[in-house]
Amino acid sequence: MTEPIERFIRNVPDFPKPGIVFKDITPLLQDPTGLRSSIELMAEATSAHEYDLVCGIESRGFIFGTALANELGKGFVPIRKPGKLPWETASESYELEYGRDTIEIHRDAGDMGKRFLMVDDLLATGGTMEAALKLVRKIGAEPVACAFVIELAFLKGRDKLGDIPSHALIRY
Ligand code: AMP
């Protein structure tokens with residue numbers, strides 16, 4: 001049975017640096033009911049969308065994205081940090097608070113206009129998912145919706161995602 005999952009999220013103050021409250025999802029993953037419920041809730045939240053593949057962002061997006069894809073009988077596409085994917089890649093860089101980061105995807109992952117459901121564990125400023133949306137469009141795929149376990153709504157990351165519908169199981 002699906003249960004509320006908020007109680008499985010652990011707040012870790014000052015990680016990875018002073019002033020950040022890190023939302024630790026490991027207690028959620030470790031609890032069988034918590035893990036199952038999070039995937040069921042994500043499936044429910046995104047059930048109105050039609051898509052071909054689930055696409056997850058390294059690394060916590062892999063955990064929820066793959067489990068969701070398996071639950072729904074879909075395939076999974078990884079978006080990875082640079083230099084990890086062995087085949088031909090497309091890449092997209094984005095600004096961080098200090099410096100830049102880059103993400104990559106296999107060029108052939110979106111062949112013939114595949115529709116993607118985009119998954120990550122947490123939406124903060126939205127920079128990561130904004131770059132992921134650009135990246136999947138670059139390879140000819142179509143992102144139809146985004147799903148997160150947690151949204152830090154006060155950071156307004158949603159504003160960066162344009163008109164793509166976004167679902168979060170827990171909003172702070
Ligand atoms: P952003 O690009 O700012 O939306 O950040 C999203 C990415 O950073 C996600 O992949 C999260 O896993 C991670 N992240 C950002 N802020 C936090 C936080 N407070 N707790 C846990 N993870 C975070």
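This report describes the ligand site, the largest pocket and some unusual backbone features of a predicted model.

**The ligand and its surroundings**

The ligand sits in the largest pocket. Its shell is made up of 13 residues, of which Lys23, Asp121, Thr125, Gly126 and Thr128 come nearest. Sorted by class, the shell residues are 5 nonpolar, 4 polar and 4 charged.

Three polar contacts involve oxygen atoms of the ligand, as the table shows.

| Residue | Part of the residue | Distance to a ligand oxygen atom |
|---|---|---|
| Asp121 | polar side-chain atom | 2.8 Å |
| Ala124 | polar backbone atom | 2.9 Å |
| Gly127 | polar backbone atom | 3.4 Å |

Asp121 thus takes part through its side chain, whereas Ala124 contributes a backbone atom, as does Gly127. On its own, the ligand has 490 Å² of accessible area, and the protein covers 81% of this area. Strand 2 (21-24), strand 7 (115-123) and helix 4 (127-138) are the elements that each give two or more residues to the shell around the ligand.

**The largest pocket**

The volume of the largest pocket is about 1,300 Å³. Its lining consists of 37 residues, and those closest to the centre of the pocket are Leu96, Leu122, Ala124, Thr125 and Thr128. Thr125 and Thr128 are also among the residues that come nearest to the ligand. Two or more lining residues come from each of strand 2, helix 3 (60-72), strand 5 (89-95), strand 6 (100-106), strand 7 and helix 4. The lining divides by class into 17 nonpolar, 8 polar and 12 charged residues.

**Unusual backbone features**

Which general pattern provides the background for the features below? Most peptide bonds are trans, and most residues other than glycine have a negative phi.

Where, then, are cis peptide bonds found in this model? One joins Phe15 and Pro16, with omega at about 0°. Pro16 belongs to the loop between strand 1 (10-13) and strand 2. Another cis bond runs from Glu58 to Ser59, and its omega is near -5°. Ser59 is placed in the loop between strand 3 (53-57) and helix 3.

Positive phi values are the next topic. Asp14, a residue other than glycine, has a positive phi near 60°. Asp14 is located in the loop between strand 1 and strand 2, and Pro16 also lies in the loop between these strands. For Lys156, likewise not a glycine, phi is positive and near 55°. The position of Lys156 is in the loop between strand 8 (142-151) and strand 9 (166-171).

**Links between the parts**

Strand 2 connects several of these descriptions. Strand 2 gives residues to the shell around the ligand and to the lining of the largest pocket, and the loop between strand 1 and strand 2 holds Asp14 and Pro16. Helix 3 likewise gives residues to the lining of the largest pocket, and the loop between strand 3 and helix 3 contains Ser59.

Note on methods
Residues are numbered from 1 along each chain as its sequence is written. This is a predicted model: local features need pLDDT of at least 70, side-chain atom pairs count only at pLDDT 80 or more; totals for chains, interfaces and linings use all residues. Side-chain values use heavy atoms; hydrogens and water are left out. A residue is near a molecule or strand if one of its heavy atoms lies within 4 Å of it. A polar contact is a pair of N or O atoms within 3.5 Å; within protein, one must be able to donate a hydrogen and the other to accept it, and residues adjacent in sequence count only if both atoms are side-chain atoms. Accessible areas come from the Shrake-Rupley method with a 1.4 Å probe; for residues, only the protein chains shown count as cover. On a 1 Å grid over the protein atoms alone, a cavity is a set of points where a 1.4 Å probe fits but cannot get out, and a pocket is an open set with protein on both sides within 12 Å along at least five of seven lines; lining residues have an atom within 4 Å of a point. A molecule sits in a cavity or pocket if more than half of its atoms lie within 2 Å of its grid points. Helices (H or I, at least four residues) and strands (E, at least two) are DSSP runs, numbered from the N terminus. Ala, Val, Leu, Ile, Met, Phe, Trp, Tyr, Cys and Pro count as nonpolar, Asp, Glu, Lys and Arg as charged, and the others, Gly among them, as polar. Grid points are joined across faces, edges and corners, and a volume is the space filled by probe spheres set on the points.
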